[in-house]
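Me: I am new to this structure and would be grateful for a close look at a single part of it. Please take one helix and describe how its residues are placed and what lies around them.

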Amino acid sequence: MIVVGAGPVGMTAAAALAHAGLPVTVVEANPEPRPDWRASTFHAATMELLEDIDITERMRAEGLTVPRYQFRDRRDGLIAEFDLSLLGAETRYPYRLQLNQQRLVRFLFDRLRADDRVELRFGARVTGVADTGDGVEVTARTDGGTDGGIDGGGEARLRGSYLIGADGAASAVRKLSGVAFEGVTYRERFLIVSTTVDLREQLPGIADVNYVADPVEWLFILHTPEAWRVLWPVPAEVSDEEATTPEEIQRHLRAVAPLPGGYPIVDRQIYRVHQRVAESFRVGRVLLVGDAAHVNSPIGGVGLNSGIHDAFDLTRRLARIARDGADPDAELDTFDAHRRRVALEYVQADTERNTQRLRETDPERRRASHRELRALAADPDRARAWLRRVSLLESARRFGIGTPPPETLLTNQGASR
Ligand SMILES: Cc1cc2nc3c(=O)[nH]c(=O)nc-3n(C[C@H](O)[C@H](O)[C@H](O)COP(=O)(O)OP(=O)(O)OC[C@H]3O[C@@H](n4cnc5c(N)ncnc54)[C@H](O)[C@@H]3O)c2cc1C
C-alpha cells in the first residue's frame, strides 16, 4: 500500500498498516518531517485510538493534561467552565491533551524508521496517480532527501494495491483524482503567536484552554508544554506583513494582558482558514484522509483529531481486505460514507458554530449564546452530552472506527455483482 504525505495523518495510517503486518511505502515531498507546531489538542477518542500503535503513553508523558476549559467574554469575563472529568465513566482519557503536533510527527517518524515493513521516501513529490483496476501507480519527482530519496533527483514510479492520499489541504492526490473540494474560505486569516510568559500570572483565573468571545477581536488562549499560545483573527484588509510586525504582535498581546518589557515570542503562524469537504473520500482504489479530505476552523481542535480517526477507520478496513478477504467495495464505501458524514455533521458543523460564537457581533445573539453556555455547564447531564460531542467520542461511538460494514451494504453489493 502507498501513503502519500508524511504529516501526522499519513504517518498514523502507515504505522497502523505496519502494525497490522502490511508492507507500506510512504511518499513525502519534504526532505524531512515538517517541524511546524500547528495543531496542539488531542481529544479522548483520539487518545484511545492511538493506543493501537502504542503512541498514547508517549504523548501522555510529554503532553499537558487539561480537564477543564473555559468560555469567556473579553468584556464580561468568565461565562462558563466545562469539566471533562464528567466523561470519567466512559473513557480512560477524560481530558484534552495539549501537545504540539510536531511531537506526534516525531514519535511517528521514529516508529516508522525502525519498522522494516515501512519504506520511507522523503524528498519525493507525487505528480501522477493512476488506478490500474487491480492496483495503483504513483509517479513522484524526487530531489534526493533523506530516507529513501534518490540522490541527484529524477522520476520514480511506485505500484501498490491501494493509495492513501494524506497530502494535506492542497492535496495533489485529490486534484489528480478529479475530486471537488466544496466549501468556503473565511475572509479573515488567523494569527497564532506563542510566548514563554506564563499567562496565568497575567490573567488570574484562566484555564489552560480558553475561548474568548468578542465582537471586535475574539481570542483563543491555550497552554502547551512549550508555551502559551494566543490566536486572533486578522481582518482581510490587513496584510500578513502588517499583522506580523513585532510591534503589532506586542500591541495585541498587551491588549490581552499588559506586560512591562513585552512578550518573548517563540513561534508565530498566520494562515487562511477554510471550511471544505471533498465530494468523495474514495475514487476506486484511491482514498482520502485528513486535511486532504476535509479542512476546518481550528476552534474546537477537531480537524487533526478527525483526520487521525479517518486514518484508523480506513486502515482497519484495508487490513480486513488484505488479510481476511473482506469485500473491498462494502468496506471502502462504508469508510467514505461514515467519515464524510462525520466531517459534515460533526467537524464542519461544530467548528463553524464555535467560531461564530466567538465572533458574534449582534448583542442579543451574543447574550443568548452566553445564556445557553451557562445553562449547559450548570446541568451535568447536558454538559456530559456536550463534552461527548466536542471530544469526538459521540461520533466515534455512533459510527464506530473501522467497524465492519452494515449487513445491508454487504447484501446489496453482493447482489449487484
Ligand atoms: C499554519 C497552520 C496552523 C494550524 N494550526 C492549527 C491549530 O492551531 N489547531 C488545529 O486544530 N489545526 C491547525 N492546523 C491544521 C492542522 O495542522 C492539520 O489539520 C493537520 O496538519 C492535518 O494533518 P495531515 O497529515 O492531514 O496534513 P499535513 O499535516 O498538511 O501533512 C501533509 C503532508 O503531505 C505532504 N505533501 C503535500 N503534497 C505532497 C505531494 N504532492 N507529494 C508528497 N507529499 C506531499 C506535505 O509536505 C505534508 O508533510 C493548522 C494548519 C496550518 C497550515
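Reply: In this predicted model, helix α12 spans residues 380-390, and its buried residues are A383, W386, L387 and V390. Here, buried stands for a relative accessible area under 20%. When the helix is viewed down its axis, the buried residues of α12 fall within an arc of 100°, and therefore they line one face of the helix.

The cover over these buried residues comes from several parts of the chain. Among the elements that provide it are two strands, β5 (68-73) and β6 (77-83). Helices α10 (328-359) and α11 (363-378) also contribute to this cover.

The two ends of α12 may be considered next. At the N-terminal end, D379 acts as the cap. One of the side-chain oxygens of D379 lies 3.0 Å from the backbone nitrogen of D381. Beyond the other end, just after α12, L392 adopts a positive phi of about 65°.

Taken together, the description runs along the helix as follows. D379 caps the N-terminal end of α12; A383, W386, L387 and V390 are buried within the helix; and L392, with its positive phi, comes just after it. Around the buried face, the covering elements include β5, β6, α10 and α11.

Methods. Residues numbered from 1 in each chain as written. Predicted model: local features only at pLDDT ≥ 70, side-chain atom pairs only at ≥ 80, totals over all residues. Heavy atoms only, no water. Buried < 20%, exposed > 50% of the residue type's maximum accessible area, 1.4 Å probe, protein only. Helix = DSSP H or I, 4+ residues; strand = E, 2+ residues; numbered from the N terminus. Arc of directions from axis to C-beta. Contact = heavy atoms within 4.5 Å. Polar contact = N/O pair within 3.5 Å; in protein donor to acceptor, adjacent residues only side chain to side chain.
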